[in-house]
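This report describes how strands are arranged into sheets in one protein chain. Look at the structure before reading on.

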Amino acid sequence: MLNRRMFLQGSAALGGAFTLGAGLAERAGAAPDPQILTARFAEAQIAAGGVTPRVMTYDPGDPASAAMPPVLRMRKGEPFAARLVNRLDEPTTVHWHGLRIANAMDGVPEMTQPYVYPGDGFDYLFTPPDAGTFWYHPHCNTLMQMGSGLTGVIVVENPEDPSFEVLNLRDWRLGASGEFIAPFKPRDAARGGTYGTVRTANWQREPVYDAPAGGLVRVRIAATDVTRIYTIGLEGAEARVIALDGNPVEIPFALDRLDLGPGQRVDLALRMPQSEGQHARLGNFRGSSPWTIAAFRAVGTSLKRELGDIAPLPPNPVAEADISTAKRIPIDLTATAEHEPAASICGSLGYTFWAINKVPWPGDTPDPVAPIEELKFGKSYVLEIANRTPHAHPIHLHGLSFRILASNRRSLLPPPTDTILLLPDEQAQLALVADNPGDWVFHCHIIEHQKTGMSAYFRVA
């Protein structure tokens, strides 16, 4: 008998052939062997005081000890396949953050695919249209699963891309002995979010990486934390920003202080110190107590490279909106909750603190609210978004890219992006082309905000 779950699986397989980022129907027999991603429990040494049990990770196989989810390497314009195998004790999915792929592959339960229950699996198949730095994570019981380890980095390469280092930045809420503690505090969830107690890059506290003295290193940084907003800077060396949120900047610019919210990414070109043994330190300078994220140690004889050797990266094929014909859509982020959250297989925090256009939605209930707007395929739109709260919100849009046209709180307007760190009282204009059919989630990537109401979606048809 055909049930909802079987129908969704069939729809996902069929839908992948028709939308942006798919391109697989005409390449029969060209699908690659799938990357196996086994979601499972493990133990890991993260805190100084002891081993953390029941860490969640994605294993490419089934090794005896836990490791950070693998960096997935894809090629722009080439098919990629992954098979999720669920060895957890609860449902899960995989969302491919920032990739403009088929809606059926987007990984949002009850909206684009069924839950992947314990012992089950799900096959993802898509072709990434853009080169850059992206990441992947579940979209089910999101705060607990991401907070327990299920966040990994994606690198979509151009053939001419240089070598690179990857930094996966995230906090952990751990006690003194390494055990998990409560994932959030309601009072903090109603404000800026609940911070972790152990700060890591690649699951390590202040790791050090070796690189050639006087050489150039491309550093791909993804903020995969559920709460923390970073203000990154560099000491002991110089760096230029070459890409933001998966898209190249038109002209690389010097890194001074750069805000980076959950869900956002930045690519740096780092010029290493000239003398062996010297360090370049990447730090977080937000707040009154700066701290080191990671360090790079110069080794060997200087290569004497210069930042001027860096050429701009080729742009991605993101359509530009026609502002003269674009429909304007007002969007207000507020703290005006209207009802208690509905129950969900993917978990509820039990509170409603936030709303989009005065409608709070946890974002993964079986009966979602109506879309913010039904967008016509191929048409241009400008989202007139206003943050009516005293807190910053990194707002992420699935499946589409937008360009920030104007803002009352910033002078630097980035290249096309999928996430905007909307500052308190900021008002911005976001232009996009509705060129990817489906239902696309639009939410705050401070996960406590998402799970307590700051979530919605657009329908492109």
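Which residue in S10 stands opposite arginine 170? The partner is threonine 200. Keep in mind that this is a predicted model.

This pair of residues belongs to a pairing of two strands. Strand S9, residues 164–172, runs antiparallel to S10, and four bridges link them. In general, the strands of a sheet pair through backbone hydrogen bonds, in either a parallel or an antiparallel manner.

S9 and S10 are part of an open sheet of six strands, whose order is S10-S9-S12-S17-S14-S15. The pairing in this sheet is mixed. Strand S10 (198–201) and strand S15 (247–254) are at the edges. Each has a single partner strand, so one side of each has no neighbour in the sheet. On average, neighbouring strands of this sheet are turned by 25° against each other, with direction ignored.

A four-strand open sheet is also found, in the order S3-S8-S7-S5 and again with mixed pairing. Its edges are held by strand S3 (72–75) and strand S5 (95–97). Because each of these pairs with a single strand, one side of each is left without a neighbour in the sheet. From one strand to the next, the twist averages 30°.

Within the four-strand sheet, strand S7 (residues 132–137) and strand S8 (residues 152–157) pair in the antiparallel sense. Five bridges join them. Tryptophan 135 has valine 153 in S8 as its bridge partner.

The two antiparallel pairings are listed below.

| Strands | Sense | Bridges |
|---|---|---|
| S9 and S10 | antiparallel | four bridges |
| S7 and S8 | antiparallel | five bridges |

Note on methods
Residues numbered from 1 in each chain as written. Predicted model: local features only at pLDDT ≥ 70, side-chain atom pairs only at ≥ 80, totals over all residues. Heavy atoms only, no water. Pairing = 2+ DSSP bridges. Helix = DSSP H or I, 4+ residues; strand = E, 2+ residues; numbered from the N terminus. Axes fitted to C-alpha atoms, helices over the stretch in contact; angles between N-to-C directions.
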